[in-house]
Every structure is written in C-alpha cells, then in structure tokens.
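Colleague: I should like to learn how the features of a protein model are read. May we work through one example together?

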Amino acid sequence: MSRAPTPSYLNALGLLCALGEGKQAVADALFAGDTSGMRAEDSWVSERSLTVGAVHVDLPAMPPGFEASHSRNNQLLLAAAQQIEAELHAAIARYGAHRVGLVLGTSTSGIREAGEHIARHLDEGELPAEYDYAQQEMAAPASFLADWLGLAGPVYCQSTACTSSARALLSAQRLLRMGLCDAVICGGVDSLCRLTLNGFSSLEAVSAEPCNPCSVNRNGINIGEAAALFLMTREPAPIVFCGGGATSDAHHISAPHPEGLGARRAMEKALASAGLTPDRIDYLNLHGTATRHNDAMESKAVHALFPDGLPCSSSKPMTGHTLGAAGALEAAFCWLTLSEHNRDGLLPPHLWDGQRDPELAPLELVQSSARLLRTQGRHLMSNSFAFGGNNVALILGDAP
C-alpha cells in the first residue's frame, strides 16, 4: 500500500508587479482592485499607444561581480529575491547548498537588452561594449540567481510561454518528492520588451485600452512585467502547494482548443493530484486574457467542470499579462488570498465593464468586496494557458 506523498509547503514569497512591491503592498492593491499601475505608453510599438503593466519602483543594481548579468529581467528577479533573502539563506544554511534547487520560468530573459544592443549595431555598425550574448539565454535568470546565492543543487529555467512559471512550481514539487532537494526556490520573471509587444501586436492580440475579460466588448490583452519567487520545502507552513496538472492539446500553434479540452483536463489532473473534488475549490484565478478565443474556451472548460458555479476572476486588468511570470504571479495572488496579508478574507475582484458576452458559458465572476465563504480548509486554483496548447492548473490551500 503506497503512502501519500509528503506535502510541499510554500514557506516564503517575494514579488513585485504593476500592483506594487512586497506582499502587503501587493495584497492591499489586489483586493482593492487597484488599476493605477496600468498606464498607456507609446514607446513600445510604432504609431500605437498601448496599456501596459510596468513595474514603477526603483530596481536594485546588480551586485558587484555580476555586471555581465545585467538585465531588467535579472533586476526584477533580484528585487523579489531580496524580499525573502533571509529565508533563502536560512534554507541554504540548514540543508546545504547542494540540497537547494532553483527552477524558474521566463519567456523573455534578457532579450530586452539584446534587442537594444542589436539595434545599436544596425545603426552604428558595432555592438556596444556591454553586450553579452549570455544575457539573452533562457537560463540566464536561474544562472544569475544561483550564482548570487551560491547554490549547488539542480538549477534551470523553463520556457513554455505563458505557463512557464506555473510549470516551475510543478517541477519544484517534483524535485522535493523525488528526494533530489530539500528546498527549491521557484517562480518566474518576465520584463516588458519591444519584441513581445510588437509580436502580440502583429497577431492583433493586444488592446490599446485596459483589457476587459469576459466582456462582449473584449478586444485583447495588455502586457505586463513581474517577478514572483517562492521557497518550497517539506517543512510545515500555513500554506501548502497541493499540486497541479499539465496538458498539451497541440491544437494550434497559437490558438487554444475551442472547446477547452486541454484546459479542462489540466484542471481535472490538478484536482486528482491534490486528492480533491470540484466542490472543494473555493476560488479560481482565471487565465482570463480578454482575447476572443481564450475567454471563450476557458469559460466552457470551467463551466463544464464546475457546473454549480465557482467564484472566479481574472487579475490581468490590474497587472497585465506577465507572460512567463504569470503562472507564479497568479499563484502568488492565491497565496496572498490565503495568507495573513488578506486581513478581511477578500477575493481578488473581477474588473470589467459588466457587459456579459451571451456566447460565453456563464461564470460566477467575483464582485468587489466579495469574501471567501470558508475560513479553514480552503483550496484555490489558478489557471495558466499558453501557445501550442500548453495548459497548467495549480492548487494552493490551507495547510492541514
């Protein structure tokens, strides 16, 4: 008879995004439905002004000796890591550097700086002295943070577009359960850059206005930037990472399966991983990008799995779609919802124009000031979906 695996706990969290920096500041803005970080900017796409979710705080300089690793992505990551630096070093001291792993998700890495440097090369005929190809490698954020912390355990990045950091949390749990690590630093980071803004613009997927998920008037996403970093261990803490599910429906290179088959299967696998039935989920953070196809398929998948209704909302009107960081960031919002930083037991509100699309399957969208009904034994789910039919659902809960 097999024993249930030892639970994985999320012992610490550092984050920053358009909502602010640090757990309490982000929680206060999240539950208040603060959209002040979403601003129109005209510097990203030629002849277009787009609403983006930029981080508007001073970022730390690269530590001495790490100047070659300079990128906005790594500065965002460092800012999140510094918030929980004491917890990270305590874990390293307790378990040993070789027993602490690091798994991150990203989709941009340092391509912002590489793009700027290559543009200078095209204009001036030579690359600037600060250009370093390693800045744009996908593993660059993990390599930088591991070197800064002095880690000797497994270290890698995952890049599966908008599910990257959700998969990083799944991989972290797997490393713990396989006995390869005693602690894993996991999460994601992505920064605004011209490549992604122009790419999504060419797909006619970005909105100049604030995004409007689930509305009949929705017309595309806003892009944002963020970093969210957890410390996951087997040591008991108030919030447990219950598990997750991942699928790949491979329906189309960019469009999701119209019936949401892969999305629904990911949620079903997450429930099975956590040993839960649908009625045990108290809230769902939607992927909720406000594109025509995503909202249509996600609403079908959610309604099919939760036909009796489930409070759900998209947080992207407050942060933008942070791409490779989105999975970890929105898991962080679930963490904050369960934590002491949510003093009034509120749920993240769904911000939109209130004009429901009659063609969407009905969802129970969270209104401002709505609260979690349960006070203990709570479980929250977060969805992340990506190009190529890549789907991940994660579940966080109160520790048993």
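Modeller: The following turns discuss the cores, the aromatic pairs, a helix contact, backbone angles and two single residues.

Modeller: Please keep in mind that this is a predicted model.

Colleague: Which residues of the largest nonpolar core touch the most other members?

Modeller: The general idea comes first. In soluble globular proteins, nonpolar side chains tend to be buried together. In this structure the largest nonpolar core has 48 residues, and those touching the most other members are Leu15, Leu169, Phe230, Phe333 and Leu396. Among the elements that give two or more residues to this core are β1 (8–17), α1 (23–32), α6 (164–177) and β15 (390–398). Helix α11 supplies the largest share, nine residues.

Colleague: What does Phe333 touch, if residues up to four places away in sequence are not counted?

Modeller: Phe333 then touches Leu15, Cys17, Leu19, Val26, Leu30, Asn285, Ser315 and Thr319. There is also a second, separate core of 34 residues, which includes Ile84, Tyr95, Leu104 and Trp148.

Colleague: Val26 and Leu30 were among the residues touched by Phe333. Which residues of α1 are buried, and against what do they pack?

Modeller: Val26, Ala27, Ala29, Leu30 and Phe31 are the buried residues of α1. They pack against β1, β2 (20–21), α10 and α11.

Colleague: How many aromatic pairs does the structure hold?

Modeller: The structure holds two. In reading such a pair, one considers the distance between the ring centres and the angle between the planes. Phe66 and Phe144 are edge-to-face, at 5.6 Å centre to centre and with 80 degrees between the planes. This pair links distant parts of the chain, 78 residues apart: Phe66 is in the loop between β4 (48–53) and α2 (72–83), and Phe144 is in helix α5 (residues 140–149). Both Phe66 and Phe144 are buried.

Colleague: How is the pair of Phe200 and Phe387 arranged?

Modeller: The pair of Phe200 and Phe387 is tilted, with 5.8 Å centre to centre and 40 degrees between the planes. Here too the pair links distant parts of the chain, 187 residues apart, with Phe200 in helix α7 (residues 194–202) and Phe387 in the loop between β14 (379–386) and β15. Phe200 counts as buried because its relative accessibility is 14%. Phe387 counts as partly exposed because its relative accessibility is 38%.

Colleague: How should I read the packing of two helices? At what angle do α6 and α11 pack?

Modeller: One reads the angle and the separation of the axes, and then the residues in contact. For α6 and α11 the angle is about 70 degrees, and the axes are 4 Å apart. The angle therefore makes α6 roughly perpendicular to α11. From α6 the contact involves Ser165, Ala166 and Leu169, and from α11 it involves Ala326, Gly327, Ala328 and Ala331. These residues divide into five nonpolar, two polar and no charged.

Colleague: Why would a positive phi draw attention?

Modeller: It draws attention because most residues other than glycine have a negative phi. In this model Cys214 has a phi near 75 degrees, and Cys214 lies in the loop between α7 and β8 (223–224). With 6% relative accessibility, Cys214 counts as buried. Leu323 has a phi near 55 degrees and lies in the loop between α10 (316–319) and α11. Leu323 is buried as well, with a relative accessible area of 4%. A glycine may also be noted: Gly33, just after α1, takes a positive phi of about 70 degrees.

Colleague: Where does Met38 lie, and is Met38 buried or exposed?

Modeller: Met38 lies in strand β3 (residues 38–45). Because its relative accessible area is 11%, Met38 is buried. The C-alpha atoms of Met38 and Lys316 are separated by 9.8 Å, although these residues are 278 residues apart along the chain. Lys316 is also one of the residues that Met38 touches, as are Pro317 and Met318.

Colleague: Where is Gln135, and which residues does Gln135 contact outside its neighbours within four places in sequence?

Modeller: Gln135 is in the loop between α4 (111–124) and α5. Its relative accessibility is 6%, so Gln135 counts as buried. Its contacts beyond those neighbours include Ala68, His70, Glu113 and His117. By comparison of positions, Gln135 and Arg264 are 129 residues apart in sequence and 37 Å apart in space, C-alpha to C-alpha.

Note on methods: Residues numbered from 1 in each chain as written. Heavy atoms only, no water. Core = buried A, V, L, I, M, F, W, Y, C linked by side-chain atoms within 4.5 Å. Buried < 20%, exposed > 50% of the residue type's maximum accessible area, 1.4 Å probe, protein only. Contact = heavy atoms within 4.5 Å. Phe/Tyr/Trp six-rings, centres within 6.5 Å; stacked < 30°, edge-to-face > 60°. Axes fitted to C-alpha atoms, helices over the stretch in contact; angles between N-to-C directions. Parallel < 35°, antiparallel > 145°, perpendicular 65-115°, else oblique. Nonpolar A, V, L, I, M, F, W, Y, C, P; charged D, E, K, R; others polar.
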